[in-house]
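Student: Could we go through this one label by label? I'd like to see how each term is earned.

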Amino acid sequence: MENHLWQHILQVRTSSPLVHNITNYVVMNNTANALLAIGASPIMAHAKPEVEDMVSISHSLVINIGTLDEYWHESMMIAAKKANSLQKPWVLDPVGAGATPYRDVVLSEILSLNPTVIRGNASEIIALAKLNNTVTKGVDSTAMSNEAIDAATTLVKNHNSVVCISGETDIVIDKHQCLFLDNGDPLMTKVTGLGCTATALVGAFIGVIENKSEAAAAALSLLSISGELAAKNSSGPGSLQLNIIDKLYNITDKEFNSHLKLTK
Ligand SMILES: Nc1ncnc2c1ncn2[C@@H]1O[C@H](COP(=O)(O)OP(=O)(O)O)[C@@H](O)[C@H]1O
Ligand SMILES: Cc1ncsc1CCOP(=O)(O)O
Ligand SMILES: [Mg+2]
């Protein structure tokens with residue numbers, strides 16, 4: 001598995017997947033830059049008359065409900081249905097799940113389309129599975145990743161999805177196994193949109209890699225190791241945001257493999 005992850009990173013660099021993003025206003029620029037840095041090709045598009053055509057020419061679709069409204073909700077449904085009809089992979093980022101009833105109503109509709117991958121922080125994954133009454137604090141997590149494992153397992157079973165719980169430890173769960181990735185840096189929580197970046201990178205990897213759990217693990221470990229290395233040269237969140245993009249772009253085989261902390 002460890003050896004495969006770097007191969008997957010090279011695969012994304014060489015095949016440059018086109019990733020269609022319906023994502024939030026806060027992160028459009030960061031996530032487009034992160035996708036470019038890893039060698040993928042981003043396109044942000046949410047107009048109803050074009051989303052089906054955009055899905056048709058893309059390798060994968062990212063749906064992120066961060067700055068949701070009624071129009072975007074419809075665009076997301078049209079795009080996800082088209083992706084399913086073409087058997088194209090797509091990833092859901094349930095930003096702020098549990099924060100308002102509106103988000104939950106929309107999320108239950110999107111979830112019914114069975115995303116290939118779901119990536120959220122622990123509070124969002126717990127809210128999504130509706131396993132308890134945990135209140136999500138806006139877009140930030142109030143729970144640890146391992147507290148969301150039962151919720152994630154429920155989502156895996158009910159939606160046939162790979163589920164990623166991000167946080168201090170990133171966890172990737174599918175029907176057969178649970179992978180734990182222990183990279184990253186606490187300063188990453190002070191940069192907005194790094195969870196969304198994780199989701200966008202997962203979108204790129206599932207577009208070209210058949211094994212969706214390995215694709216998700218490669219994407220998350222690439223971001224968390226890049227964040228860990230970038231933090232060493234950053235004096236605060238502002239420089240970290242820039243340094244992460246540079247490290248996503250220039251990380252080497254040696255840097256990746258010597259820092260990877262993966263357990264099953
Ligand atoms: N406490 C932490 N320590 C180290 N890395 C972290 C920590 N919290 C988040 N990260 C890193 O930031 C990435 C974004 O995750 P997270 O902050 O959970 O997403 P979100 O912004 O959606 O809440 C994670 O995949 C992980 O690499
Ligand atoms: C602050 C904020 N508000 C709506 S979307 C968004 C960005 C959330 O990004 P992330 O979940 O990656 O921290
Ligand atoms: Mg998030």
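Student: What makes the contact between the side chains of Arg 119 and Asp 93 a salt bridge?

Tutor: Keep in mind that this is a predicted model. The N to O distance for Arg 119 and Asp 93 is 2.7 Å. The rule asks for a Lys or Arg side-chain nitrogen within 4 Å of an Asp or Glu carboxyl oxygen, so the pair qualifies.

Student: Which parts of the chain does that pair tie together?

Tutor: Arg 119 sits in strand E5 (residues 117–121) and Asp 93 in strand E4 (residues 90–93), so the bridge joins parts 26 residues apart in sequence. Both partners, Arg 119 and Asp 93, are buried.

Student: How many salt bridges does the rule give?

Tutor: The count is 3. One of them pairs Lys 48 with Glu 74, at 2.5 Å from N to O. Here helix H3 (residues 48–57) supplies Lys 48 and helix H4 (residues 70–85) supplies Glu 74, again 26 residues apart.

Student: Why is Lys 48 called partly exposed?

Tutor: Its relative accessibility is 28%. Buried needs under 20% and exposed needs over 50%, so Lys 48 falls in between. Glu 74, at 41%, lands in the partly exposed class by the same reasoning.

Student: And what about Glu 255 and Lys 247: how do you know that their side chains form a salt bridge?

Tutor: Their N to O distance is 3.1 Å. That is within the 4 Å cut-off, so the label holds.

Student: Are Glu 255 and Lys 247 buried or partly exposed?

Tutor: One of each. Glu 255 has a relative accessible area of 22%, which makes it partly exposed. Lys 247 has 16%, which is under 20%, so Lys 247 is buried.

Student: Now Glu 124. Where does it sit, and what is the nearest side chain of opposite charge?

Tutor: Glu 124 belongs to helix H6 (residues 122–129). The nearest side chain of opposite charge is Arg 119, 4.8 Å away.

Student: Why does Glu 124 have no salt bridge, then?

Tutor: The cut-off is 4 Å, and 4.8 Å to Arg 119 doesn't meet it, so Glu 124 is buried without a salt bridge.

Student: Which backbone nitrogens does the side chain of Glu 124 reach?

Tutor: One is the backbone nitrogen of Gly 96, which lies 2.9 Å from a polar atom of the Glu 124 side chain. Another is the backbone nitrogen of Asn 121, also reached at 2.9 Å. Polar contacts need N or O atoms within 3.5 Å, so these distances fit.

Student: Which residues carry the "binding site" annotation?

Tutor: According to the unreviewed UniProt entry, Met 44 and Gly 193 do. Of these, Gly 193 is in the lining of the largest pocket. Gly 193 is in the loop between strand E8 (178–181) and helix H8 (194–208).

Student: What makes Gly 193 buried and Met 44 partly exposed?

Tutor: Gly 193 has a relative accessible area of 10%, which is under 20%, so buried is the right word. Met 44 comes out at 25%, so it counts as partly exposed. Met 44 is in strand E2 (residues 41–44), and beyond four places in sequence it touches Asn 21, Thr 23, Met 28, Thr 31 and Ala 32.

Student: Last one: why is Ala 215 called buried?

Tutor: Its relative accessible area is 0%, under the 20% limit, so Ala 215 is buried. Ala 215 lies in helix H9 (residues 212–232). Setting aside neighbours within four places in sequence, Ala 215 contacts Phe 205, Ile 206 and Ile 209.

Conventions
Residues numbered from 1 in each chain as written. Chains lettered and ligands numbered in written order. Predicted model: local features only at pLDDT ≥ 70, side-chain atom pairs only at ≥ 80, totals over all residues. Heavy atoms only, no water. Helix = DSSP H or I, 4+ residues; strand = E, 2+ residues; numbered from the N terminus. Buried < 20%, exposed > 50% of the residue type's maximum accessible area, 1.4 Å probe, protein only. UniProt positions renumbered as here; feature names shortened; annotations may be inferred. 1 Å grid on protein atoms, 1.4 Å probe; cavity = no way out; pocket = protein on both sides within 12 Å on 5 of 7 lines; lining within 4 Å. Contact = heavy atoms within 4.5 Å. Lys, Arg positive; Asp, Glu negative; His and termini not counted. Polar contact = N/O pair within 3.5 Å; in protein donor to acceptor, adjacent residues only side chain to side chain.
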